[in-house]
Amino acid sequence: MKLFENFSLKDFNSFHVDVKAEKFVVIESTEELKEFFDEFDVNKNNLLLLGGGSNILFTKDVDSTILHLAFQNLSEVQEDNNFVLIEADAGMNWDELVKYSVEKNLGGIENLALIPGTVGAAPIQNIGAYGQELKDTLFQVKYFDMSDKKFKVLDNAHCKFGYRDSIFKNDLQYKFIITKVTLRLKKNPEPTVNYGNVENELKKSGITDPTIADVSCIIRKIRTEKLPDPAKIGNAGSFFKNPFVDDVTFQKIKNDFPDVPSFRQEGKVKIPAAWLIEKSGLKGFRKGDVGTYPNQPLVIVNYGNATGKEIYNFAMSIKQTVLEKFNIELEPEVNVI
Ligand SMILES: Cc1cc2nc3c(=O)[nH]c(=O)nc-3n(C[C@H](O)[C@H](O)[C@H](O)COP(=O)(O)OP(=O)(O)OC[C@H]3O[C@@H](n4cnc5c(N)ncnc54)[C@H](O)[C@@H]3O)c2cc1C
């Protein structure tokens, strides 16, 4: 266990906002995690978990204690003719897990390549991209319950996964620390290519019968071209979730904008938030050091030394403009602290 005081979080959040944490504790194993709770009089309401900081916006210095899980082992725990169960520690980098699975030709998470952050944070918002979501392969989550200081296990069905949602954002909020994630990966994978321009890009590269490695590689290329690299331009990926609207609202928008893109899901219509922002005239809009990224307006970027408050205020002004134009309230995907 390593304890730091008055610790700069600039390198621990992908917006690169310069704030400080009163206490920053690095935990190197599950045993240390238990020790931390046994040794210190921890108030769970005054604790914040931080993985890679790629889905978080700090608007001020943090007076809670920050816990950063740094253990990152990986093991294949079970196998049958069709599947392999892989257990990864919370502190492992998500993309390293994707690379491992692709190298072994184990299918299910190859389309989630290049999503920043840690394995431990992945179930919280049920990360998803290019037609795959974590919930499709997640077998179980191991977590530490801060209420009774016990390690517990939740299987997939009990995680209550939804679009960028899970039990960890609702019933279990502020009570849990995810320590390990087990995935059930396919031994004979079938690539998922029918999302976005994956199929087109494969064709352009002359690939007609793609492997999961081909698909993962193409998705890396598409993402690199479309999204800003947080190491160079601060951002946290999509700032808002894609909103779901009812048929009446959708029809009204379609009357005015016949080209509105949409996806029907569970009786509602999902409209890309990026499209709403673009049609509100805000693609590439910039104010000081904050702006919407010209290639993908759903991504809000820190071009230099924007403060968390400036980024937050900018995001709220985007939300307000979209509300006034479309009567749709965008909801942040990023955790605002
Ligand atoms: C360029 C870019 C592209 C992105 N693309 C995508 C995408 O395609 N799809 C997608 O779904 N997301 C995407 N994201 C968002 C982000 O990568 C994911 O949400 C990721 O899972 C966050 O991981 P993290 O470790 O950085 O979490 P953090 O930002 O550190 O934390 C996120 C939340 O989880 C909590 N938390 C973290 N670890 C734990 C733990 N072990 N136990 C309990 N709580 C914990 C934190 O308190 C916080 O509330 C993108 C982000 C960026 C910067």
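# A tour from N55 to the ligand and the core

Begin by selecting N55, which sits in the loop that joins strand 3 to strand 4. The model on screen is a predicted one. N55 has a relative accessible area of 18% and is therefore classed as buried, the limit being under 20%. Now add F151 to the selection: 96 residues separate N55 and F151 along the chain, and their C-alpha atoms are 25 Å apart.

**The ligand**

Select the ligand next, together with the residues around it. Which of these residues come nearest? Of the 34 residues around the ligand, the nearest are L49, G51, S54, P116 and T118. L49 deserves a closer view, as a polar backbone atom of this residue is 2.6 Å from an oxygen atom of the ligand. Turn then to G128, where a polar backbone atom lies 2.8 Å from a nitrogen atom of the ligand. For a contact made by a side chain, select R223: an N or O atom of its side chain is 2.8 Å from a nitrogen atom of the ligand. On its own the ligand has 990 Å² of accessible area, and the protein covers 93% of it.

Colour the surrounding shell by secondary structure. The elements that contribute two or more residues to the shell are strand 3 (47-49), strand 8 (128-129), strand 12 (176-186) and strand 13 (234-238). Colouring by residue class instead separates the shell into 18 nonpolar, 13 polar and three charged residues.

**Strand 12 and the loop before it**

Stay with strand 12 and select R184, which lies in this strand. Is R184 buried or exposed, or does it fall in between? Its relative accessibility is 38%, so R184 counts as partly exposed. Extend the selection to N43: the two C-alpha atoms are 35 Å apart, for residues 141 positions from each other along the chain.

Move to the loop between strand 11 (150-155) and strand 12, and select R164 there. R164 is not a glycine, yet its phi is positive, at about 50°. With a relative accessibility of 13%, R164 counts as buried. Y174 belongs to the loop between strand 11 and strand 12 as well. What is the phi of Y174? The angle is near 65°, a positive value in a residue other than glycine. Y174 is exposed, because its relative accessible area of 55% is over 50%.

**Helix 1**

Select F37, found in helix 1 (residues 30-39). A relative accessibility of 2% places F37 among the buried residues. Display K149 with it: although their positions lie 112 residues apart along the chain, the C-alpha atoms of F37 and K149 are separated by 7.4 Å.

**The largest nonpolar core**

Now display the largest nonpolar core, which has 43 residues. In soluble globular proteins, nonpolar side chains tend to be buried together. Which residues of this core touch the most other members? They are L9, F239, F240, I271 and I311. Several elements supply two or more residues to the core: strand 2 (20-27), strand 4 (56-57), strand 5 (62-69), helix 5 (247-256), helix 6 (273-279), strand 19 (296-302) and helix 7 (308-326). Helix 7 gives the most, with six residues. Colour by domain to see that at least three residues of this core come from each of domain 1 (2-69) and domain 3 (234-336).

**Last stop: T307**

Finish at the loop between strand 19 and helix 7, where T307 is located. T307 has a relative accessible area of 38% and is thus partly exposed. Select T59 alongside T307: these residues are 248 apart along the chain, and 7.1 Å separates their C-alpha atoms.

Notes
Residues numbered from 1 in each chain as written. Predicted model: local features only at pLDDT ≥ 70, side-chain atom pairs only at ≥ 80, totals over all residues. Heavy atoms only, no water. Near = heavy atom within 4 Å. Polar contact = N/O pair within 3.5 Å; in protein donor to acceptor, adjacent residues only side chain to side chain. Areas by Shrake-Rupley, 256 points an atom, 1.4 Å probe, with all protein chains shown as cover. Helix = DSSP H or I, 4+ residues; strand = E, 2+ residues; numbered from the N terminus. Nonpolar A, V, L, I, M, F, W, Y, C, P; charged D, E, K, R; others polar. Core = buried A, V, L, I, M, F, W, Y, C linked by side-chain atoms within 4.5 Å. Buried < 20%, exposed > 50% of the residue type's maximum accessible area, 1.4 Å probe, protein only. Domains from an automatic or database assignment.
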